[in-house]
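Here's a walk through one protein chain, starting at its pocket and working through to its loops. Have the coordinates open as you read.

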Amino acid sequence: MGFMAMMVSWRVLASVFIVAASLSSPASAGGGGGGNNPTAGFVKVELTGGDFQVQRPYNVPESRRFRYRDGVRTFWVYDSDKPFNTATHTNPRTEVRLRGHNYSSGVWQFEGYGYVPSGTSGVSVMQIHNEEGAEHATILMLHVYDGVLRFYDGPAIESNIYDRWFRLNVVHDAKASTVAVYVDGKHKFSTNVIPSKSYYFKFGVYMQHRDWSNCMESQWTNVTVYTKAY
């Protein structure tokens, strides 16, 4: 093989290696800017560690249902677990509530890189929650059933969510009462929602009412909140 042919082959192999490495990284799972960047025009909201309030079954230590290591938050819960406090009869959960950033106007966006292991089913992995005491608890829940990400237990948003890092962006226009969901930078779903007085974001695992697995798990990293005025 001549010198030039060897150089071309080396460059091709190097390019393949770089692309493969980038696809395995959670930070690059959803593509970059340009047409694949739903955050264009938004302003990043500064989050602190104290804004990530963990809710887990009330009778177990946090460390037995939640781990934060190397920038990755891992949540798991069992179908036999208790609720997150003694005053509620809701299903088991281990979730983060993003506190201190409730909103009632403008356009707000949740971004995070998520991972759901195969076998996890019948669980909500992300929510837009209404204010306490609202007629409806949420305006958006993203459920996982047998590897499919769905809007509640209805329309399919992404058909192959298991065992890979995916970039999730959820955009809520409070004035227009609309939500839009992007997976890996691509618009996947939009709908009108019932308005409420105020809203906040949650993510993790929250057992639902059908087809749940014994153990439910999700992992999240690089969670960011964005906003923009009209």
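Strand 7 (123-130), strand 8 (138-145) and strand 14 (199-207) each put at least two residues into the lining of the largest pocket. Strand 14 is the top contributor there, with three residues. Strands here are DSSP runs of E with at least two residues, helices are runs of H or I with at least four, and both are numbered from the N terminus.

Some housekeeping before going on. This is a predicted model, so local features need pLDDT of at least 70 and side-chain atom pairs count only at pLDDT 80 or more, while totals for chains, interfaces and linings use all residues. Residues are numbered from 1 along each chain as its sequence is written, and side-chain values use heavy atoms, with hydrogens and water left out.

**Pocket and cavity**

Back to the pocket. A pocket is an open set of points on a 1 Å grid over the protein atoms alone, with protein on both sides within 12 Å along at least five of seven lines; a cavity is a set where a 1.4 Å probe fits but cannot get out, and lining residues have an atom within 4 Å of a point. Points are joined across faces, edges and corners, and a volume is the space filled by probe spheres set on them. For the classes, Ala, Val, Leu, Ile, Met, Phe, Trp, Tyr, Cys and Pro are nonpolar, Asp, Glu, Lys and Arg are charged, and the others, Gly among them, are polar.

| Site | Volume | Nonpolar lining residues | Polar lining residues | Charged lining residues |
|---|---|---|---|---|
| Largest pocket | about 230 Å³ | six | eight | four |
| Largest cavity | about 30 Å³ | five | one | no charged |

The largest pocket has 18 lining residues, and R93, H129, E132, A137 and Y200 are the ones nearest its centre. As for cavities, the structure holds one of 30 Å³ or more. L98, H101, W108, Y200, F201 and V225 line the largest cavity. Y200 turns up in the pocket lining and in the cavity lining.

**The cores**

Zooming out, the chain has one helix and 15 strands. Buried residues (under 20% relative accessible area, with exposed over 50%, partly exposed in between, and a 1.4 Å probe on protein chains only) account for 50% of its 230 residues. A nonpolar core is a set of buried Ala, Val, Leu, Ile, Met, Phe, Trp, Tyr and Cys residues joined through side-chain atoms within 4.5 Å.

Which members of the largest nonpolar core touch the most other members? Out of 43 residues, they are F110, M126, I128, L142, L168 and F203. Strand 14 gives the most to this core, with five residues. Another core lies apart from it, with five residues that include F42, V107, V171 and Y226.

L142 is worth a click. Leaving aside residues up to four places away in sequence, L142 is in contact (heavy atoms within 4.5 Å) with V123, S124, V125, M126, L149, R150, F151, I157, L168, V170 and V181. Across the chain, 69% of the contacts between residues at least 6 apart in sequence join residues at least 24 apart.

**Loops**

V116 is in the loop between strand 6 (107-115) and strand 7. Is V116 buried or exposed? It counts as buried because its relative accessibility is 0%. V116 touches V125, V144, I161, Y162, D163, F166, E217 and S218, again not counting residues up to four places away in sequence. V116 and Y162 are 46 residues apart in sequence, with 5.3 Å between their C-alpha atoms.

N59, in the loop between strand 2 (52-55) and strand 3 (66-69), counts as partly exposed because its relative accessibility is 45%. The C-alpha atoms of N59 and P83 are 8.7 Å apart, with the two positions 24 residues apart along the chain counted as their separation.

Two aspartates have backbone angles to check. D184, in the loop between strand 12 (178-183) and strand 13 (186-192), has a positive phi of about 55° although it is not a glycine. D211 also has a positive phi of about 55° without being a glycine. D211 is in the loop between strand 14 and strand 15 (215-228), and counts as partly exposed because its relative accessibility is 44%.
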